[in-house]
Amino acid sequence: MVAATQKPGGLKKVLGPFDLVLMGIGAIVGTGIFVLTGTGAVTAGPALTLSFIIAAIACGFAALCYAEFASSVPVAGSIYTYSYFTLGELVAWMIGWDLLLEYGLATSAVAVGWSGYFQSLLKGIGIVLPEALRAAPGAQPGVNTLFNLPAFLIMMCLTFLLSLGVRESARLNNIMVIIKTGVVILFIVVGVSYVKPDNWQPFMPFGAGSVLSAAALVFFAFIGFDAVTSAAEEVKNPARDLPIGIIGSLAVCTVLYVAVAAIMTGIVPYMQFEGVDHPVSLALQVAGQDWVAGFVDLAAILGMSTVILVMAYGQTRILFAMSRDGLLPAKLSEVHPKYGTPYFGTWMVGIIFGLIAALVPLGVLAELVNIGTLAAFSLVSVAVIILRKKRPDLPRAFRCPGVPVIPALAIIFCLVLMSFLSWHTWVAFGIWIAIGLAVYFLYARQRSLLNKQ
């Protein structure tokens, strides 16, 4: 079965290391830097810079494992597809179920961040939404918010586009990367002269534990590098280019994130980011650079729109693959005769996660996304060790160095960061996993095409 997946799939090998670095940056830069830097600053203070470095190291170890898994079965698709053909149906199901949580809630979280910057942009031109429609219940302390209308509407708009069919191109991705990266660099260049070093004291106001807690939260900022590994089939030289693309994009984003965190907390005292969902533009407004803040709002809106689109696309395709394998109802893999998309599945997840974006605060969403992602990364790292033992003969375009040490470090880092997430996040994740196991053994296992064969 593994051999079958390695047959030529007709995709041209056209991507080089530069393309992969740009792809990684394009997928990574989004809500994590434009929104969660504020929440992270409240959690760790100016030591947020250390939190970003710790999260990047954890992500780097996992990324190397991800790259080996992807290049071992170099076909277009998600880690669900790879694990299905190499480690069996149950492992694939759990990873797929986990990814549904990660991708779905990631779209919701980014939509909430999008809403914050959109409202900031509207406020700049004198338009203010009614208080009840600005955010989810309890999202803003002391404010009677009920429903995040902009977050719900952007989810519906992008779901509509996805249902009609969306085609990504390298040119569009590169343009968005230039816009987003340019805005971050503009913030750094303009903001650095307004930094007051006194705002960095005390550097670690809540102790080392708060740095790890913030790292577990801002881990969300690095989600998206798997877009690099998913392109393995179209890479000219996977053995060389995949690690360059992964490590290169992570390194660039880490430098940008650390610089942004340092400048933000240098301009605005970290306590003032409480409940703020547009911290980057807030720092510029405090510095009196409203024209730059407006440009940041607009660019953040454009950039986060593409992140929502890509994440939502990924989720619907994982759902499609699981349905096609018989693990979920066949309705979810039905293709629309006119648009050629999984129409029903696309609208189902769009509406569900649009409502979640409208009704659940960003901090809760980010933690749930992170625990799902960290769990998936841990499973992938375990899978690399198992696959080395189980199939040492399997051709690997890229081999993770230092196996089993590097995968073990990835697992340890992920588990440590998971341990610093709140208890209610663990409870919610445990419920999700329990539901997943119940669905598999009571429904999916009996109906899967693999078991029928």
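Does tryptophan 93 count as buried or exposed, and at what relative accessibility? In this predicted model, tryptophan 93 counts as buried, because its relative accessibility is 0%, under the 20% cut-off. This briefing begins with tryptophan 93 and other residues of helix H7, then turns to serine 323, helix H15, two cis peptide bonds and the internal spaces.

**Tryptophan 93 in helix H7**

- Tryptophan 93 belongs to helix H7, which covers residues 89-124.
- Beyond its neighbours within four places in sequence, tryptophan 93 is in contact with Tyr80, Met322, Leu327, Leu328, Gly436, Leu437, Val439, Tyr440 and Ala444.
- One of these partners, leucine 327, is 234 residues away in sequence, yet the C-alpha atoms of tryptophan 93 and leucine 327 are 8.0 Å apart in space.

**Serine 108 and serine 115 in helix H7**

- Serine 108 is likewise part of helix H7, and it is buried because its relative accessible area is 0%, under the 20% limit.
- With neighbours within four places in sequence set aside, the contacts of serine 108 are Phe353, Ile356, Ala357 and Leu365.
- Two of those contacts, Phe353 and Ala357, are listed among the buried residues of H15.
- Serine 108 and serine 448 are separated by 340 residues in sequence, and their C-alpha atoms lie 30 Å apart.
- Serine 115 is also located in helix H7; a relative accessible area of 0% makes this residue buried.
- Outside the four places on either side in sequence, serine 115 touches Arg134, Asn148, Pro150 and Ala151.

**Serine 323 in helix H14**

- Serine 323 is found in helix H14, which runs over residues 290-324.
- Its relative accessibility is 4%, so serine 323 counts as buried, the cut-off being 20%.
- A polar atom of the serine 323 side chain lies 2.7 Å from the backbone oxygen of proline 329.
- The side chains of serine 323 and serine 333 make a polar contact at 2.8 Å.
- Apart from neighbours within four places in sequence, serine 323 is in contact with Leu328, Pro329, Ala330, Leu332 and Ser333.
- Leu328 also appears among the contacts of tryptophan 93.

**Helix H15**

- Helix H15 comprises 17 residues, 343-359; at 1.5 Å a residue it should span 24 Å, and its end C-alpha atoms are 24 Å apart, which agrees.
- The buried residues of H15 are Gly345, Thr346, Val349, Gly350, Phe353, Gly354, Ala357 and Ala358.
- An α-helix has 3.6 residues a turn, so residues three or four places apart point the same way.
- The buried residues of H15 pack against H7, helix H8 (149-164), H14 and helix H16 (362-390).

**Cis peptide bonds**

- The peptide bond from glutamine 201 to proline 202 is cis, with omega near -5°.
- Proline 202 is placed in the loop between helix H9 (170-191) and helix H10 (208-218).
- Valine 403 and proline 404 are also joined by a cis peptide bond, for which omega is about 10°.
- Proline 404 sits in the loop between H16 and helix H17 (405-419).

**Cavities**

- Searching the whole structure gives 3 cavities of 30 Å³ or more.
- The largest cavity holds about 60 Å³ of space.
- Its lining consists of 11 residues, of which Ile28, Phe220, Ile223, Val307 and Met311 are the closest to the centre.
- Helix H2 (17-28), helix H3 (31-34), helix H7 (89-124) and H14 each give two or more residues to this lining.
- By class, the lining of the largest cavity has 8 nonpolar residues, 3 polar residues and no charged residues.

**Second largest pocket**

- The volume of the second largest pocket is about 540 Å³.
- This pocket is lined by 29 residues, and the closest to its centre are Thr39, Ala139, Gly275, Leu362 and Gly363.
- Helix H4 (36-44), H10 and H16 are the elements that give two or more residues to the lining.
- The lining of the second largest pocket divides into 16 nonpolar, 10 polar and 3 charged residues.

Note on methods. Residues are numbered from 1 along each chain as its sequence is written. This is a predicted model: local features need pLDDT of at least 70, side-chain atom pairs count only at pLDDT 80 or more; totals for chains, interfaces and linings use all residues. Side-chain values use heavy atoms; hydrogens and water are left out. Helices (H or I, at least four residues) and strands (E, at least two) are DSSP runs, numbered from the N terminus. Buried means under 20% relative accessible area, exposed over 50%, partly exposed in between (1.4 Å probe, protein chains only). A polar contact is a pair of N or O atoms within 3.5 Å; within protein, one must be able to donate a hydrogen and the other to accept it, and residues adjacent in sequence count only if both atoms are side-chain atoms. Contact means heavy atoms within 4.5 Å. On a 1 Å grid over the protein atoms alone, a cavity is a set of points where a 1.4 Å probe fits but cannot get out, and a pocket is an open set with protein on both sides within 12 Å along at least five of seven lines; lining residues have an atom within 4 Å of a point. Grid points are joined across faces, edges and corners, and a volume is the space filled by probe spheres set on the points. Ala, Val, Leu, Ile, Met, Phe, Trp, Tyr, Cys and Pro count as nonpolar, Asp, Glu, Lys and Arg as charged, and the others, Gly among them, as polar. The expected span of a helix is 1.5 Å times one less than its number of residues.
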